Amino acid sequence: MSDTVHIVEVGPRDGLQNEKTPISVADRITFVEALIAAGLKAVEVGAFVSPKAIPQMVGSADVLRGVSHHTECELPVLVPNEKGYEASQAAGAKLIAVFAAASEGFSRANINCSIEESIERFRPVLARAKADGVRVRGYISTVLGCPYEGEIKPQAVVDVAKVLWDLGCYEISLGDTIGVGTPVKARQLLRAVAGHVPMANLAMHFHDTYGQALANLYAGMEEGCRVIDSAAGGLGGCPYAPGATGNVATEDVVYMLEGMGIATGVDMAKLVAATNVVSGLIGRLPVSRVAAALNAKKAAGKA
Ligand code: HMG
Ligand code: MG
């Protein structure tokens, strides 16, 4: 496969939204700056959600303002409703992401409403975004399993994907929120959704709880998917997905892609440096295998 893949780095949002250690706006900006310096072309910088629900994302407006001069990089932010949309626009967001779920249980836990109600909340957001020239990405969570309902049928994902696509989302990101998927299921899911939304407009957002994320991504790539969400250092998790660990690590994805002859435009040394920045902030070593290997090599004086 010699072509290109678009990586959407979600570390500053998905990666930090579940962290116990409070991270200042200035440190979040430093992290985003380091990711952009590494060559990433899309970095999700925050979320305009309830501060009671996700206190870690308070200050997202200031993070966005602090990095918005980087016009070379897409800077998406999460928006759950019109209130969030208004706040995102006051901060100058040009790209937002609404987020739905494939299971009622997760929808209720995460955004306190049914799937249908969430769509009704997104409808005016998408209409206003269209009028304002703001692009909207649509996430669907629990596409390969739900912490409250177990297995999820591809048709449940297809149903939500169709609605988000028809509402005007330019891309649908399929979230294996709790990282339970395996390659054959990931492949079947991509195939099913691509029957209704063009493959070019699908993204894979796989968490790595069971160590399957890279294999699932590879399977999805074989189906033709070319957009991958990942988080530096393998950070991440969702407070409403008990037991789920981080997103697939950006370093691991970049290493795999470069090994496949797919240029990512990402400088690995700078990416590991960005991971080390955030690792220092949260006081934990990265779970990324590639970051660990390269840090060990450097410590041994071999890099
Ligand atoms: P609600 O309680 O149903 O909303 O929450 P409400 O409209 O009744 O408002 C309740 C309070 O929240 C009010 O404040 C509102 O003003 C405030 P109060 O009067 O009590 O002081 N409020 C807001 N404040 C700031 N910004 C807003 C906003 N909206 C209401 N936009 C709501 C519904 C969606 C707001 C809430 O449940 C929420 O914010 N949830 C956060 C969900 C979240 O961020 N989850 C993590 C991200 S999703 C994810 O990680 C999955 C993903 O990575 C993909 C994958 O892995 O699957 C994307
Ligand atoms: Mg996620």
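## Cysteines

The count of disulfides comes to 0. This is a predicted model, and the cysteine geometry in it shows why no bond is assigned to C73 or C169. A disulfide needs two cysteine sulfur atoms within 2.5 Å. For C73, the closest cysteine sulfur belongs to C225 and lies 19 Å away, so the gap is too far for a bond. For C169, the closest cysteine sulfur is in C113, at 15 Å, and that too is too far for a bond.

Are C73 and C169 buried or exposed? C73 has a relative accessible area of 6% and is therefore buried. C169 has a relative accessible area of 2%, so C169 is buried as well. The cut-off for buried is under 20%.

## Magnesium site

Which residues coordinate the magnesium ion (ligand 2)? The donors are D14, through OD, and H205 and H207, each through NE2. Their distances to the ion run from 2.0 to 2.3 Å. In sequence, the donor spacing reads D-x190-H-x1-H. One residue therefore separates the two histidines, while 190 stand between the aspartate and H205.

Both histidines are buried. H205 has 5% relative accessibility, which puts H205 under the 20% cut-off. H207 has 4% relative accessibility, so H207 also counts as buried.

## Ligand 1 and its pocket

Where does ligand 1 sit? Ligand 1 occupies the largest pocket. The number of residues surrounding ligand 1 is 27. The closest are Q17, K52, N110, S141 and T177.

Several side chains make polar contacts with oxygen atoms of ligand 1. An N or O atom in the R13 side chain is 2.9 Å from one such oxygen. A polar side-chain atom of D14 lies 3.0 Å from an oxygen of ligand 1. The H205 side chain places an N or O atom 3.0 Å from a ligand 1 oxygen. Taken alone, ligand 1 exposes 1100 Å², and the protein buries 73% of that area.

## Residues shared by both ligands

D14 and H205 appear in both sites. D14 coordinates the magnesium ion (ligand 2) through OD, and a polar atom of the D14 side chain is 3.0 Å from an oxygen of ligand 1. H205 coordinates the magnesium ion through NE2, and the H205 side chain has an N or O atom 3.0 Å from an oxygen of ligand 1.

Terms used. Residues are numbered from 1 along each chain as its sequence is written. Chains are lettered from A and ligands numbered from 1 in the order in which they are written. This is a predicted model: local features need pLDDT of at least 70, side-chain atom pairs count only at pLDDT 80 or more; totals for chains, interfaces and linings use all residues. Side-chain values use heavy atoms; hydrogens and water are left out. Donors are N, O and S atoms within 2.8 Å of the metal (3.2 Å for Na, K and Ca); water is not among the atoms, so sites may look incomplete. Buried means under 20% relative accessible area, exposed over 50%, partly exposed in between (1.4 Å probe, protein chains only). A residue is near a molecule or strand if one of its heavy atoms lies within 4 Å of it. A polar contact is a pair of N or O atoms within 3.5 Å; within protein, one must be able to donate a hydrogen and the other to accept it, and residues adjacent in sequence count only if both atoms are side-chain atoms. Accessible areas come from the Shrake-Rupley method with a 1.4 Å probe; for residues, only the protein chains shown count as cover. On a 1 Å grid over the protein atoms alone, a cavity is a set of points where a 1.4 Å probe fits but cannot get out, and a pocket is an open set with protein on both sides within 12 Å along at least five of seven lines; lining residues have an atom within 4 Å of a point. A molecule sits in a cavity or pocket if more than half of its atoms lie within 2 Å of its grid points.
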